[in-house]
Amino acid sequence: MNWEIAKILTQDGLVTGVIYALMAVALVLVFAVTRITLIAQGEFVSFGALTFAIMANGQVPATIWLLPVFGGIILLLDLYQCLIRKSNGYRRIVKSFILNLILPLLLAFIVPPILATNPSIWVKALLTMLLIVPIGPMVYRLVFLPVAEAPGLLLLIISIALHFAFVGLGLVFFGAEGWRVSEPFFDGTAEFFGLMWSYQSLFVIAMTIFIIVGLYFFFEKTIYGKALRATAINRKGARLMGISTSLAGYISFWITSFIGVVSGILLVSFITITYETGFMIGLKGFVGAIIGGLVSYPVAAIAAVLVGVIEAFSTFWASDYKEVIVFSLVVPVLLIRSLTSKTHGEED
């Protein structure tokens with residue numbers, strides 16, 4: 001290996017590493033706020049990437065019916081709860097009917113005509129986000145909200161089950177073949193640090209920085225961001241101060257699904273994505289989150305970028321063992337933490 005090859009490998013590692021950084025930040029956010037280790041985070045990447053790829057290839061994705069199905073189930077649950085409580089929840093039912101059924105059905109019916117006009121790739125990316133991002137809070141409402149106060153181990157088991165369910169749905173919706181988008185958001189190249197960078201690569205890095213900076217201002221400057229921080233620090237204390245931990249859970253799932261879908265849209269321009277690719281991407285982000293202790297956003301993001309760089313060099317030196325090398329990074333971290341950390345209760 002010479003210096004030129006090392007620079008190229010570092011370049012490739014940075015492009016994938018920033019995606020892992022987004023995954024790591026999203027995992028830390030969800031865990032800090034809800035105590036949920038969201039194994040299915042990678043599925044948002046897969047569903048976003050494949051839905052976008054299918055649209056980019058001029059086809060209508062089957063995922064247009066995901067929102068109406070999930071929304072219909074939520075509407076039935078709201079009706080059942082009103083009947084059980086025997087309360088006058090007319091306004092709540094009307095609101096649920098509009099948000100969970102009417103709007104998703106309207107979106108499902110207007111997407112095919114829009115795609116028939118062959119819109120720009122930007123419009124297709126926007127449609128992908130409208131179709132997939134709301135699945136996050138719907139999943140929280142259906143799966144995790146009823147057991148929000150359950151022990152962390154039970155939440156982990158449910159998260160694993162959710163992952164397998166989404167993998168099965170992905171196989172049904174997208175098939176076993178992989179998809180890739182050949183049309184970039186930006187054409188052209190530029191030279192930096194003695195390397196040729198495509199505008200698409202720079203766009204990915206810029207979007208990652210923009211999202212992370214946006215999250216910083218969200219947590220520091222907005223009332224909802226401060227509510228999430230309070231919930232992450234102490235759930236009981238947040239409830240005593242009038243902060244809705246349920247709302248905090250919804251917001252965290254909105255953010256994590258948005259990050260996952262955007263990551264998938266950006267990544268499918270570089271690699272071929274299948275229905276199960278997102279799981280490996282999520283795991284590599286999880287490595288960065290573990291190094292950050294599932295607490296520190298900056299440490300998790302930086303560690304995830306390093307994971308991408310290490311993976312690139314591992315592909316060059318020992319491609320057959322690159323996954324082993326990447327996932328082995330958590331072993332010394334867990335060993336050090338087990339020897340230095342004190343035992344705390346779950347709420348602590």
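A helix axis here is a line fitted to C-alpha atoms over the stretch in contact, and the angle between two axes runs from 0 to 180 degrees between N-to-C directions. Keep that in mind for the helix pairs below. The model is predicted.

**Whole chain**

Start with everything shown as cartoon. The protein chain has 15 helices and two strands. Its C-alpha atoms fill a box of roughly 75 × 60 × 40 Å along the principal axes. The radius of gyration is 21 Å, which agrees with the value near 20 Å for a compact globule of 348 residues.

**Stop 1: α2 and α7**

Select α2 (41-56). Add helix α7, residues 152-174. The two axes come within 10 Å and cross at roughly 10°. Angles under 35 degrees count as roughly parallel, so α2 and α7 are roughly parallel to each other.

Now show side chains. On the α2 side, pick Glu43, Phe47, Leu50, Thr51 and Ile54. They meet His163, Phe166, Val167, Leu169, Gly170, Phe173 and Phe174 of α7. By class, this contact has eight nonpolar residues, three polar and one charged.

**Stop 2: the largest cavity**

Stay with α2 and add α12 (277-291). Each of these helices gives at least two residues to the lining of the largest cavity. Which helix supplies the largest share of that lining? It is α12, with four residues.

Select the full lining: Leu27, Leu38, Ile39, Gln41, Gly42, Phe279, Gly282, Leu283 and Phe286. Six of these residues are nonpolar and three are polar, with no charged residue. The volume enclosed is about 60 Å³.

**Stop 3: the second largest cavity**

The model has two cavities of 30 Å³ or more. For the second largest, select Thr34, Ile36, Tyr140, Phe144, Ala148, Leu155, Arg235 and Thr245. They line about 40 Å³ of space. The lining divides into five nonpolar residues, two polar and one charged.

**Stop 4: α8 against α11**

Hide the rest. Show helix α8, residues 199-221, and helix α11, residues 245-267. Their axes come within 11 Å and cross at roughly 170°. Angles over 145 degrees count as roughly antiparallel, so α8 and α11 are roughly antiparallel to each other.

Turn on side chains at the contact. From α8, take Phe203, Val204, Met207, Ile211, Leu215 and Phe218. From α11, take Ile251, Ile255, Phe258, Ile259, Val262 and Leu266. How many nonpolar, polar and charged residues does this contact have? It has 12 nonpolar residues, no polar ones and no charged ones.

**Stop 5: the second largest pocket**

Keep α11 on screen. Add α3 (66-85), α4 (90-116) and α6 (135-144). These three and α11 are the elements that give two or more residues to the lining of the second largest pocket. The largest share, eight residues, comes from α4.

Centre the view on Ile74, Leu99, Asn100, Met138 and Tyr250. Of the 23 lining residues, these lie nearest the centre of the pocket. The pocket holds about 650 Å³ of space. Colour its lining by class to see 16 nonpolar residues, three polar and four charged.

Technical notes:
Residues numbered from 1 in each chain as written. Predicted model: local features only at pLDDT ≥ 70, side-chain atom pairs only at ≥ 80, totals over all residues. Heavy atoms only, no water. Parallel < 35°, antiparallel > 145°, perpendicular 65-115°, else oblique. Contact = heavy atoms within 4.5 Å. Nonpolar A, V, L, I, M, F, W, Y, C, P; charged D, E, K, R; others polar. 1 Å grid on protein atoms, 1.4 Å probe; cavity = no way out; pocket = protein on both sides within 12 Å on 5 of 7 lines; lining within 4 Å. Points joined across faces, edges and corners; volume = space filled by probe spheres on them. Rg over C-alpha atoms; globule rule 2.2 N^0.38 Å.
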